[in-house]
Amino acid sequence: MGKKKEPPKMEAPTAPGWMATYGDLMSLLLVFFILLVSFSTMEIVKFRKAMGSMKGGTGFMEPDAGSSAIETDPIESEAFEEALEQLIEQLEQSEMADKLNVYWDTEGVRIVMQDAILFNPGRSEIKAQFYPILDGVIGMISSMQVAEVRVEGYTDDVPISTIRFPSNWELSVARATSVLRYIEATNVLEPRKLAAVGFGEYRPDVPNDSVENRGRNRRVEIYILKQK
C-alpha cells in the first residue's frame, strides 16, 4: 500500500497584493503635495492663514525652499514670525496691504513696495506716514542673521528732467538711498552690509502700457539676505 500523501502546508495569511500598490500611491501623493508646498511663494495677504499651521513647530517652514522644507534656528524663526506678523498688522491698520508684498525663501526676504506709499511724484523724500512700516521692516532685519540688505529703486518709462533728477536713473538711486539711509540711521546693521542701487526704467516688472502697470513699475525693493 502506498504512503498517504500529506496535505500541502498552508502559508500564513498575508495582506492582499493591492495593499502594496495603494501604499506606494499614498507615499507618492504625500511627496507630491510636499513639493507643491515647498515650491510655492506666499504673498503677504496669505501669510496669516499659513501662520496658524506653522506655529507650535520647532522650526519655520519657508516657501521657495527648493526640493525640501528646512528648519532654521528655532529662536530666530520665532522672532522672524513675530516680526512678520507685526508688519502685517501694521499694513492692515494702514490699508497698505495691496501696495506692499513680502516674499521669503531659504536665501532671505524680499519686500516690494510701490512708490505711491513711499514718495510723492518726482520726489525722493519718504512720506512720514510710511515710517512705521519701515520700522516693521527693520524689526525683521533685527530678527535675522543678516549678510546684506540691498535696496533697489525702479521707475516707469515716463521721462523726468529736473535740476535734481536729470533722468530716471538719478530718481531711482535717490529713492533707494533714502530708504537705505533710514535703515542705516537705526544702527540695526553695520553700514558695510548695506547697499543701494537704482535701475531707472530699464527693469520693469510689467509692460509700461497702462497707468496701473506704470504704478507697479514705480517701486522700491528691499532684499534681506541671510547669513550663511
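Leaving aside its neighbours within four places in sequence, with which residues is F130 in contact? In this predicted model, the partners of F130 are M96, L100, M113, I117 and L118. That set of contacts is a handy way into the fold, and the overall layout comes next.

The protein chain contains six helices and five strands, and from the N terminus on these elements follow the order α-α-α-β-β-α-β-α-β-α-β. Of its 228 residues, 38% count as buried. Among contacts with a separation of 6 or more, 71% are between residues 24 or more positions apart. The chain exposes about 14000 Å², and carbon and sulfur atoms supply 57% of that area.

F130 appears again in the largest nonpolar core, which has 36 residues. Those with the most contacts inside this core are I111, F130, V149, I222 and I224. At least two core residues are supplied by each of α3 (74-94), β1 (100-104), β2 (108-114), α4 (131-142), β3 (146-154), α5 (168-185) and β5 (219-226). Helix α4 gives the largest share, with six residues.

The strands can be followed from β1 onward. Four of the five residues of β1 are buried, leaving this strand mostly covered. With three residues between them, β1 and β2 form a hairpin, and their antiparallel pairing runs over five bridges. Within this pair, L100 stands opposite M113 of β2; both residues are also among the contacts of F130.

Strand β2 pairs with β5 as well, in the antiparallel sense and over seven bridges. Here I111 faces I222 of β5. A further antiparallel pairing joins β3 to β5 over eight bridges, and in it V151 stands opposite I222. I222 thus has a place opposite I111 and another opposite V151. Strand β5 is largely enclosed by the rest of the structure, because seven of its eight residues are buried.

Charged side chains add another layer to this picture. Side chains of opposite charge can pair when their charged atoms come close. A search of the whole structure finds 13 salt bridges. One of them connects R110 with E221, with 3.7 Å between the closest N and O atoms. This pair links distant parts of the chain, since R110 lies in strand β2 and E221 in strand β5, 111 residues apart. The two ends differ in cover: R110 counts as partly exposed because its relative accessibility is 28%, whereas E221, at 4%, is buried.

R150 takes part in two salt bridges, one with E148 (3.6 Å, N to O) and one with E152, where the closest N and O atoms are 2.8 Å apart. E148 is partly exposed at 27% relative accessibility, and R150 is partly exposed too, with a relative accessible area of 23%. E152 is buried, its relative accessible area being 7%. Salt bridges that share partners also join D115, D156, R175 and R218 into one network.

Finally, the surface carries a nonpolar patch of about 240 Å², made by L25, M26 and L29. M26 is located in helix α1 (residues 17-39). Why does M26 count as partly exposed? The reason is its relative accessibility of 35%, which falls between the limits of 20% for buried and 50% for exposed.

Definitions and conventions. Residues numbered from 1 in each chain as written. Predicted model: local features only at pLDDT ≥ 70, side-chain atom pairs only at ≥ 80, totals over all residues. Heavy atoms only, no water. Patch = residues over 30% accessible without salt bridge, like charges linked within 9 Å, V, L, I, M, F, W, Y side chains within 5 Å. Areas by Shrake-Rupley, 256 points an atom, 1.4 Å probe, with all protein chains shown as cover. Salt bridge = Lys/Arg side-chain N within 4 Å of Asp/Glu carboxyl O. Buried < 20%, exposed > 50% of the residue type's maximum accessible area, 1.4 Å probe, protein only. Core = buried A, V, L, I, M, F, W, Y, C linked by side-chain atoms within 4.5 Å. Contact = heavy atoms within 4.5 Å. Pairing = 2+ DSSP bridges.
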